[in-house]
Amino acid sequence: MKFRIGGASAALAVLLTAASIVPAQADDHREPASSYRAVHARSAHGFLTKGDYAHFSHTVSKTVNAHGWWKKIDGPATHAKITIWLQVKTGSKWKTLDKGVKTVPPGGGSNKRAVANWKCTNLIVKNHFRTVVDADIVGYPDSPEKLVTKTQTLYCGI
């Protein structure tokens, strides 16, 4: 009996890559796969969609914010339209609190990212937040997948 492992390994790699990208629309997402850190989703088009978890702003008091950006892997693209949604869980659904859109070169940093934020009504009520990031490369078609970050539980009234 002969076993072929090469094809199985390739298929597994494709499945793992596909599992890291979640197709979604802004207000209708699957439950996401906690802390302030950057995450990314790889595209087949030579770039990474990147974003950080929902977190308290370091510069604006009592405000939850999040950022979205992209990183170029290869290809001729120079700019992407980044859209980021800051969402809160209400019951079993996700509600968008804020949406940020900005066309930026690759990178991140304060002038190369889109921002979404929400001013908390109080710091007593606990809510669950997440961000959704979409990178659309200017002048080139890409897939509809969006990055959905891990849920963060923060004391921020909405």
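Strands here are DSSP runs of E with at least two residues, and helices are runs of H or I with at least four, both numbered from the N terminus. With that numbering, Lys62 lies in the loop between β4 and β5. The model is a predicted one, and this loop residue is a good place to enter it.

Lys62 is not a glycine, yet its phi is positive, at about 60°. Is Lys62 buried, exposed or in between? Its relative accessible area is 45%. Buried would need a value under 20%, and exposed a value over 50%. Lys62 therefore counts as partly exposed.

Now step back to the whole chain. It holds 1 helix and 11 strands. The helix comes at the start of the pattern, and the strands follow: α-β-β-β-β-β-β-β-β-β-β-β. The chain has 158 residues, and 39% of them are buried. Its accessible surface comes to about 9,100 Å². Carbon and sulfur atoms account for 56% of that surface.

Confidence varies along the chain. The average pLDDT is 79, and 72% of the residues score at least 70. Over residues 1-38, the pLDDT is below 50. That stretch still has 53 contacts in the model beyond near neighbours in sequence.

Next, the interior. How many residues does the largest nonpolar core have? The count is 23. Val64, Trp70, Ile82, Ile84, Leu86, Phe129 and Ile137 have the most contacts inside this core. Several strands feed it. At least two core residues come from each of β5 (63-72), β6 (80-90), β7 (93-104), β8 (114-119) and β9 (126-137). The top contributor is β6, which gives 5 residues.

Polar side chains are buried too. Arg130 lies in strand β9. Its relative accessible area is 0%. The cut-off for buried is under 20%, so Arg130 counts as buried. What does the side chain of Arg130 contact? Its polar partner is the side chain of Gln87, at 2.8 Å.

His55 is a second case. This residue is found in strand β4, which spans residues 55-56. Its relative accessibility is 5%, so His55 is buried as well. The His55 side chain reaches the backbone oxygen of Tyr53 at 2.7 Å. His55 can also be placed against a residue far along the sequence. Asn117 is 62 residues away along the chain, but the two C-alpha atoms are separated by 9.3 Å.

Last comes the covalent link. A disulfide is a covalent bond between the sulfur atoms of two cysteines. How many disulfides does the chain have? The count is 1. Cys120 and Cys156 form it, with their sulfur atoms 2.0 Å apart. The pair is 36 residues apart and links distant parts of the chain. Cys120 sits in the loop between β8 and β9, while Cys156 sits in the segment after β11 (152-155). The angle about the S-S bond is -110°, and the link is left-handed. Both cysteines, Cys120 and Cys156, are buried.

Put the pieces side by side. Strand β9 supplies residues to the nonpolar core, and Arg130 lies in that strand. The loop between β8 and β9 carries Cys120 of the disulfide. Strand β8 also supplies at least two residues of the core. The loop between β4 and β5 holds Lys62, the partly exposed residue where this walk began.

Definitions and conventions: Residues are numbered from 1 along each chain as its sequence is written. This is a predicted model: local features need pLDDT of at least 70, side-chain atom pairs count only at pLDDT 80 or more; totals for chains, interfaces and linings use all residues. Side-chain values use heavy atoms; hydrogens and water are left out. A nonpolar core is a set of buried Ala, Val, Leu, Ile, Met, Phe, Trp, Tyr and Cys residues joined through side-chain atoms within 4.5 Å. Buried means under 20% relative accessible area, exposed over 50%, partly exposed in between (1.4 Å probe, protein chains only). A polar contact is a pair of N or O atoms within 3.5 Å; within protein, one must be able to donate a hydrogen and the other to accept it, and residues adjacent in sequence count only if both atoms are side-chain atoms. Accessible areas come from the Shrake-Rupley method with a 1.4 Å probe; for residues, only the protein chains shown count as cover. A disulfide is a pair of cysteine sulfur atoms within 2.5 Å. pLDDT is the predictor's confidence in each residue, from 0 to 100. Contact means heavy atoms within 4.5 Å.
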